[in-house]
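Biologist: I'd like to get to know this protein properly. Could you walk me through the model, one question at a time?

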Amino acid sequence: MSEKLLLLLQLCNSTLPLGAYSYSEGLETLVEENIIIDSKSLNNWLTNELKYGSIRIELAIIIRIYNSYLIQDLDNLFYWNNWYSASRETSELRQQSWQMGKSLLRLIKTFETNNKSLQPVIEGLNNSCNYVVAFGLITAHWEIKIENILLGYLHNWLNNLINVGVKLIPLGQTEGQQLLLNINKEILLNLETIINLKDDELSSCSWGLSLASMKHENLYSRLFRS
């Protein structure tokens with residue numbers, strides 16, 4: 001148990017060379033347009049994303065990749081990778097997912113140099129592997145408990161976006177940590193619902209994120225890639 005927890009902590013570490021720090025997922029646009037201006041408005045945005053946004057779909061895809069790998073149903077695994085690629089609303093969001101997925105696959109090859117069960121999956125995913133798919137793949141291979149995987153992924157997602165807020169709004173470091181602590185409660189409230197989503201329930205209300213992402217590439221100046 002301790003070894004698996006350490007593996008998960010390493011995978012969710014912000015120093016992992018995936019480039020996550022370079023993406024704001026639309027927050028840069030929202031700060032520029034004075035929609036997110038302080039800790040309260042950032043909290044509202046992130047809480048609504050947890051309840052209704054595309055992060056719910058990301059977690060649902062991790063579960064499906066995890067289960068597909070455990071039973072070695074590669075056709076189903078590739079299907080959900082393609083499904084998630086098609087669900088990305090903008091080119092920036094899709095490129096973010098593919099770039100981080102490619103980087104994580106490269107790390108998986110380094111971590112598991114001679115593992116034959118992973119090789120055909122990695123080759124089949126190639127350059128269009130989404131980050132959530134690579135994350136679900138390696139955590140399933142390491143046999144980490146699914147609830148812990150989802151908590152780790154959510155914590156990493158929140159931590160990254162709160163750090164974006166700290167830089168852009170700006171917020172104080174202590175204020176950012178307090179915000180993270182408060183939203184942890186929302187994670188626990190929404191996690192069971194997300195785990196139980198059926199295939200025909202995989203939808204989100206994330207048009208605010210979509211519009212922010214579409215506008216981002218036309219900002220006069222940008223610190224982030226999305």
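Modeller: Happy to, and keep in mind that this is a predicted model. Let's start with the rings.

Biologist: How many aromatic pairs are there by the rule for ring centres?

Modeller: Two rings pair up if their centres lie within 6.5 Å. Going by this rule, the count of aromatic pairs is six.

Biologist: Take Tyr131 and Phe135: is that pair stacked, tilted or edge-to-face?

Modeller: Their ring centres are 5.9 Å apart, and the planes make an angle of 65 degrees. Planes over 60 degrees apart fall in the last of your three classes. So the Tyr131 and Phe135 pair is edge-to-face.

Biologist: Roughly how many helical turns separate Tyr131 and Phe135?

Modeller: Both residues belong to helix α8, which covers residues 131–141. Within that helix they are four residues apart, so the separation is about one helical turn.

Biologist: And Phe135, is it buried or exposed?

Modeller: The cut-off for buried is under 20% relative accessible area. Tyr131 makes it with 8%. Phe135 has 0%, so it counts as buried.

Biologist: Phe135 also pairs with Tyr153, so which helix holds Tyr153?

Modeller: That pair is edge-to-face too, with 5.0 Å between centres and 75 degrees between planes. It links distant parts of the chain, as the two residues are 18 apart. Both of them are buried. Phe135 sits in α8, while Tyr153 sits in residues 146–168, which is helix α9.

Biologist: Moving to another spot, which residue has its charged end over the ring of Trp80?

Modeller: Trp80 belongs to a cluster linked by ring pairs, together with Tyr79 and Trp83. The charged end over its ring is 5.5 Å from the ring centre. It comes from Arg64.

Biologist: Now the cysteines: how many disulfides does the search of the whole structure find?

Modeller: A disulfide is a covalent bond between the sulfur atoms of two cysteines. For Cys129, the closest cysteine sulfur is the one in Cys12, 16 Å away, which is too far for a bond. Searching the whole structure gives a disulfide count of zero.

Biologist: Between Cys129 and Cys205, which one is partly exposed?

Modeller: Partly exposed runs between the 20% and 50% cut-offs. Cys129 has 0% relative accessibility, so it is buried. With 48%, the partly exposed one is Cys205.

Biologist: Is there empty space inside, and which residues lie nearest the centre of the largest cavity?

Modeller: Rolling a probe the size of a water molecule over the atoms shows where empty space is left. The search turns up one cavity of 30 Å³ or more, with about 270 Å³ of space in it. Its lining has 19 residues, and the ones nearest the centre are Glu25, Glu58, Gln96, Tyr153 and Trp157.

Biologist: Which elements give two or more residues to the lining of that cavity?

Modeller: By class, the lining has 10 nonpolar, five polar and four charged residues. The elements that supply two or more are α4 (55–70), α6 (91–111), α8 and α9.

Biologist: Glu25 is in that list of nearest residues, so what is its phi?

Modeller: Glu25 is found in the loop between α1 (2–11) and α2. At 17% relative accessibility it counts as buried. Its phi is positive, in a residue other than glycine, with a value near 50 degrees.

Biologist: What is the phi of Glu143?

Modeller: Glu143 is in the loop between α8 and α9. It is exposed, with a relative accessible area of 55%. Its phi is again a positive value in a residue other than glycine, near 60 degrees.

Biologist: Which helix gives the most to the lining of the largest pocket?

Modeller: That pocket has a volume of about 270 Å³. Its lining has 18 residues, including Trp45, Ser206 and Trp207. Helices α2 (27–32), α3 (39–52) and α11 each supply at least two of them. With six residues, the top contributor is α11.

Biologist: One more: is the peptide bond from Ile169 to Pro170 cis or trans?

Modeller: Pro170 lies in the loop between α9 and α10 (173–195). Omega for the bond is near -5 degrees, and the bond is cis.

Terms used:
Residues are numbered from 1 along each chain as its sequence is written. This is a predicted model: local features need pLDDT of at least 70, side-chain atom pairs count only at pLDDT 80 or more; totals for chains, interfaces and linings use all residues. Side-chain values use heavy atoms; hydrogens and water are left out. A disulfide is a pair of cysteine sulfur atoms within 2.5 Å. Buried means under 20% relative accessible area, exposed over 50%, partly exposed in between (1.4 Å probe, protein chains only). Rings of Phe, Tyr and Trp (its six-membered ring) pair if their centres lie within 6.5 Å; planes under 30 degrees apart count as stacked, over 60 as edge-to-face and the rest as tilted. A charge sits over a ring if NZ of Lys or CZ of Arg is within 6 Å of the ring centre and within 35 degrees of the ring normal. On a 1 Å grid over the protein atoms alone, a cavity is a set of points where a 1.4 Å probe fits but cannot get out, and a pocket is an open set with protein on both sides within 12 Å along at least five of seven lines; lining residues have an atom within 4 Å of a point. Grid points are joined across faces, edges and corners, and a volume is the space filled by probe spheres set on the points. Ala, Val, Leu, Ile, Met, Phe, Trp, Tyr, Cys and Pro count as nonpolar, Asp, Glu, Lys and Arg as charged, and the others, Gly among them, as polar.
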